[in-house]
Amino acid sequence: MSVNATLPAAGYVATFLVSTQDYLVNSPGRAVLLAVVYSPLLAIVLNVLRQLVLPRDPSLPPEVFSFIPIIGSAISYGNDPLNFFFKCREKYGDVFTFILFGRKVTVALGAKGNNFVLGGKSTAFSAEEAYTHLTTPVFGKDVVYDVPNEVFMEQKKFVKVGLSTENFRAYVGMIEEEVEEFMKTDGAFLIYQMNDINEWGRFDATDIMAQITILTASRTLQGKEVRENMDKSFSELYNALDGGFTPLNFLFPNLPLESYRQRDEAHKKMSAFYVDIIRKRKESGDDAQDMISALRTQKYRDGRLLPDHEIAHIMIALLMAGQHTSSATGSWALLHLADNRDVQEALYQEQVKYFGNPDGSFRSMTYEELRKLPVLDSVIRETLRVHPPIHSIMRYVRSDVPVPPTLAAPSKDGTYVVPKGHYVLACAAVSQVDPHIWSKPLAWDPTRWSDPEGAAAQAFNTYADENGEKIDYGFGAVSKGTDSPYQPFGAGRHRCIGEQFAYLQLGTVIATVLRRMEIKLDQPVPEHNYHTMITMPKKPRNICYRRRAFD
């Protein structure tokens, strides 16, 4: 548009504003109207002027420009965090700050950013202060982020006792049985149940995986009493509790909403359910090869046993956190296998090679055998790379922390500092699809994990190096892994201790499903739904299936 064309337009705008102002000043109820019209506008103007005119503290990381105060960049971040972060990196570099509903969040991207946030000392970066308002109402008091970090590390050590190789060996057959029984009885697999090898049926990948995941977890980790009570009433409790584990609850922990009331009521009932199981086991002397039995024998450093309510709340945490992440990953894996028939066939032939019987049936897998299946392992790793269940991990900043020069080039006035009261954020989802590291980063390609010299192998070796640096944060020595671009289970002191169980559960479920049916898609692989705490596939996410001929 030419300069001459803009002058009349500016005049029209000025005339409109003057006329509007005269009307508001001289009309009845003008004070209310002025407040309604001008207060938001004034706030926006002041927010813009603050960013463009006022001098910026040179010791602070650059701040992402936003028009709306308080809300800041929440909409852009919430709709598509990866796209938001990549655009910000182009403009500001690997370290920048954005406003999220009044919170100042300093992002550190890349492998070095992961290391800065997840490898930071708990005295400086607090997970408890970042997440307790979300997790405590769901999990319960005195566990996870409702206790000091050193106590949480002890609780993780207790849980690791229940995640033993001996238990894992028993779990494989249990998971197989649960998946097979589910396919024989659930209404989504009616075509399968009719023994029709020509007709195609259809199921929702996420709905089915959510049900299978909770059934297999309850049969193994949770114990026989939990599995026996997987009825409608338990499902209603779980769903009500799950309704309190959303981004809304993270951002606004104390809203007077019905879903919050239902969450709190469901927690009371589920906690009482677990405490009752523990009480009955004590009275009967009965025990089992599950997590409740493992936790009952554990003692804190001061010699006290875990109280019943703490065991109950740890069990709720395991149920909620594990179910979401595993069902999401299983959904994505099945969707990609349905979309990539060659990979699906390679995985099936791997099952035939190692477990096939002459009559076309399959024998049960063992835990040791399951860990040595290269195609299945690559499928799970690649799914976790492209679709990590949690895209952002935050910490509350307890004291001013300087940003290492290797992460962000110092300003002309010196090193950047993240101030006390900010939040820091690591996003392994960015480093896991960084085009500077990965070839065709957005493509789901399990074969990249078979190249021993490739980026995938190097990233995984850094993350899980058995011969590298080991640190004991209080729950046993683990590979640090904080400086790897591949971190599907977190890293450092908060690395997920359920990593091996997740591989076991996912591997057994995927293999059992593909032993019995072919799958395909009649639409593209869904996009990410970032409006949930765990990154799920958007609808439609239907998979077409057909029973295999031998079964």
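This passage describes a helix and its packing, followed by several individual residues, in a predicted model.

Helix α17 comprises the 15 residues 341-355, and its length can be checked against the rise expected for a helix. At 1.5 Å a residue, α17 should span 21 Å, and the C-alpha atoms at its two ends are indeed 21 Å apart, so the expected and the computed values agree. The buried residues of this helix are V343, Q344, L347, Y348, E350, Q351 and F355. When α17 is viewed down its axis, these buried residues fall within an arc of 150°, and they therefore line one face of the helix. The face turned away from that buried side carries D342 and K353, both of which are exposed. The cover over the buried residues of α17 includes helices α16 (308-339), α18 (367-370), α19 (374-386) and α22 (499-516), together with strand β11 (517-520).

Among these neighbours, the packing of α19 against α17 can be set out in further detail. Two packed helices are described by the angle between their axes and by the distance between those axes. For α17 and α19, the axes come within 8 Å and cross at roughly 140°. Because an angle over 145 degrees would be needed for the pair to count as roughly antiparallel, α17 and α19 are classed as oblique to each other. The contact brings V343, A346, L347 and E350 of α17 against P374, V375, L376 and V379 of α19. By residue type, this contact between α17 and α19 divides into seven nonpolar residues, no polar residue and one charged residue. V343, L347 and E350, which take part on the α17 side, also belong to the buried residues of that helix.

Strand β11, which contributes to the cover of α17, contains K520. With a relative accessible area of 28%, K520 is partly exposed. Residues up to four places away in sequence being left aside, K520 touches W200, A338, R341, I543 and C544. The C-alpha atoms of K520 and A217, which stand 303 residues apart along the chain, are separated by 27 Å.

Two residues of helix α14 (residues 258-284) were also examined, namely S259 and R261. S259 is partly exposed, its relative accessible area being 31%, and R261, at 47% relative accessibility, likewise counts as partly exposed. The C-alpha atom of S259 is separated by 37 Å from that of N167, a residue 92 places apart from it along the chain. For R261 and A240, which are 21 residues apart along the chain, the C-alpha atoms are separated by 9.2 Å.

Particular backbone conformations occur in several loops. In the loop between β13 (536-537) and β14 (542-547), where P540 is found, a cis peptide bond joins K539 and P540, with omega at about 0°. N195, which lies in the loop between α9 (190-193) and β4 (201-204), has a phi near 60°, a positive value in a residue other than glycine. A positive phi, near 45°, is likewise found for K440, again a residue other than glycine. K440 is placed in the loop between α20 (428-431) and α21 (455-464), and with a relative accessible area of 65% this lysine is exposed.

Conventions
Residues are numbered from 1 along each chain as its sequence is written. This is a predicted model: local features need pLDDT of at least 70, side-chain atom pairs count only at pLDDT 80 or more; totals for chains, interfaces and linings use all residues. Side-chain values use heavy atoms; hydrogens and water are left out. Helices (H or I, at least four residues) and strands (E, at least two) are DSSP runs, numbered from the N terminus. The expected span of a helix is 1.5 Å times one less than its number of residues. Buried means under 20% relative accessible area, exposed over 50%, partly exposed in between (1.4 Å probe, protein chains only). The arc is that of the directions from the helix axis to the C-beta atoms. Contact means heavy atoms within 4.5 Å. Axes are lines fitted to C-alpha atoms, for helices over the stretch in contact, and angles run from 0 to 180 degrees between N-to-C directions. Angles under 35 degrees count as roughly parallel, over 145 as roughly antiparallel, 65 to 115 as roughly perpendicular and the rest as oblique. Ala, Val, Leu, Ile, Met, Phe, Trp, Tyr, Cys and Pro count as nonpolar, Asp, Glu, Lys and Arg as charged, and the others, Gly among them, as polar.
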